[in-house]
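This report covers a sheet, its strand pairings, selected residues and a pocket. The sequence and the model are shown first.

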Amino acid sequence: MGNRASGRRPFTRSRSHFADRVTADGRDGWPVAAGRYRLVASRACPWASRAVISRRLLGLEDALSLALVDPLQDDRSWRFTLDPDGRDPVLGIRFLSEAYDARETGYPGGVSVPALVDVPSGKLVTNDFQQLTLDFATEWTALHRPGAPDLYPEARRAEIDEVMADVYRDVNNGVYRAGFATDQDAYDAAFGPLFDRLDRLADRLSDRRYLVGDTLTEADIRLFTTLVRFDPVYHGHFKCNRFKLAEDPVLWAYAKDLFQTPGFGDTVDFHHIKQHYYRVHTGINPTGIVPLGPDLSGWLTPHHREELGGRPFGDGTPPGPVRPGEEVPPSGCP
């Protein structure tokens, strides 16, 4: 049933089938090398958006090219219909599934983003969205820009991992468990922990600017990609409606602070987000109608979070301007 199954079958988050790692020493057979790999992502997908933000913050644009897929995924997988002739100009393929097939013929699982593809062979390397950005931060350091932040500082990894595990279970995955629930009990079982966790996160962030320490970390990236989608799609489409993000003063200010930080909001395409969720999940929204709201102008209003102190990039510096050709179109911006 493909995308039509959303809301009709019990939801489970599939484990990444292809979990090879690209590392500095190449121990899985995939060494870090500038220009060898291509990151395939969707600006609609929160899991892929993590990788896009990490790539920009760390300054990996020259080393790792970016392919953006059409937000209107169909049952044949993510499509390169945003590119001339409907083909990715580097990989030469029409569907991301072709890279999966090049790696494993007849692979029975889903085709997901983010996906890291080996350009010379056209084979998928990994679709492990949990590990990919951690490796960007720790294994790709030789290719980081000067002044790149340490998004996974060794001294704080235990705390970061603990926060990320809670956020993943109750928030990142929780909105999907609520939105794709097939009965009231399943929905209730997701709804309660989701908002309990958001309440706890608001308490945590009430007197600190970032989730762990006084600088941006991987934990902030992972929470942001859900928060930025909350009012446009999760509140209505996924029925996560105890409150809107804009109604919670702490989480709203925190999310705005991140959105206005270079590397975060300049990667967000609200048009892609809404088109994907409302038009692809036909099991939930069979009419395909895309709501005109909410008003996005609030994302650019003052947040005052700087009053809490903190050093967004630690001893580093913000990323420079968005790479030409990777700018979010005006239709996707507040």
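## The hairpin of β3 and β4

Val117 stands opposite Leu124 of strand β4. In this predicted model, β3 covers residues 115–118 and β4 covers residues 123–126. The two strands run antiparallel and are joined by three bridges.

Four residues lie between the strands of this hairpin. Gly122 in the hairpin has a positive phi, near 75°.

## The sheet as a whole

β3 and β4 belong to an open sheet of four strands, in the order β2-β1-β3-β4 and with mixed pairing. The edge positions are held by β2 and β4, each of which has a single partner strand, so one side of each lacks a neighbour in the sheet. From one strand to the next the twist averages 35°.

Strands of a sheet pair through backbone hydrogen bonds, and the pairing can be parallel or antiparallel. Both kinds occur here: β1 (residues 37–41) runs parallel to β2, with four bridges between them, and antiparallel to β3, again with four bridges.

## Strand β1 and its partners

Leu39 of β1 has bridge partners in two strands: Leu66 in β2 and Leu116 in β3. Further along β1, Ala41 stands opposite Leu68 in β2.

How many of the five residues of β1 are buried? Five of the five are, so β1 is largely enclosed by the rest of the structure. In a regular strand, side chains alternate between the two faces of the sheet. In β1 both faces are covered, with Tyr37, Leu39 and Ala41 buried on one side and Arg38 and Val40 buried on the other. Helix α1 (residues 46–58) lies across β1 and β2 and runs at about 130° to β1.

## Leu116 in strand β3

Leu116, found in strand β3, has a relative accessible area of 0% and is therefore buried, the cut-off being under 20%. Neighbours within four places in sequence aside, its contacts include Tyr37, Arg38 and Leu39, residues that are among those buried in β1. Leu116 is also in contact with Lys123, Leu124, Val125 and Thr126, which fall within the residue range of β4. Among the other contacts of Leu116 are Val22, Leu64, Leu132 and Trp140.

Leu116 and Leu66 are 50 residues apart along the chain, and their C-alpha atoms are separated by 9.6 Å. Each of these two residues is a bridge partner of Leu39, Leu66 in β2 and Leu116 in β3.

## Ser97 in helix α2

Ser97 is placed in helix α2, which covers residues 97–103. Is Ser97 buried or exposed? Its relative accessible area is 15%, and Ser97 is buried because the cut-off is under 20%. Leaving out neighbours within four places in sequence, Ser97 is in contact with Arg76, Ser77 and Val111.

## The second largest pocket

The second largest pocket has a volume of about 280 Å³. Its lining is made up of 15 residues, and those closest to the centre are Arg43, Leu68, Leu82, Gly325 and Glu326. By class, the lining has seven nonpolar, six charged and two polar residues.

Which strand gives the most to the lining of this pocket? Strand β2 (residues 65–68) does, with three residues. Leu68, one of the residues closest to the pocket centre, is also the residue of β2 that stands opposite Ala41.

Terms used. Residues numbered from 1 in each chain as written. Predicted model: local features only at pLDDT ≥ 70, side-chain atom pairs only at ≥ 80, totals over all residues. Heavy atoms only, no water. Pairing = 2+ DSSP bridges. Buried < 20%, exposed > 50% of the residue type's maximum accessible area, 1.4 Å probe, protein only. Contact = heavy atoms within 4.5 Å. 1 Å grid on protein atoms, 1.4 Å probe; cavity = no way out; pocket = protein on both sides within 12 Å on 5 of 7 lines; lining within 4 Å. Points joined across faces, edges and corners; volume = space filled by probe spheres on them. Nonpolar A, V, L, I, M, F, W, Y, C, P; charged D, E, K, R; others polar. Axes fitted to C-alpha atoms, helices over the stretch in contact; angles between N-to-C directions.
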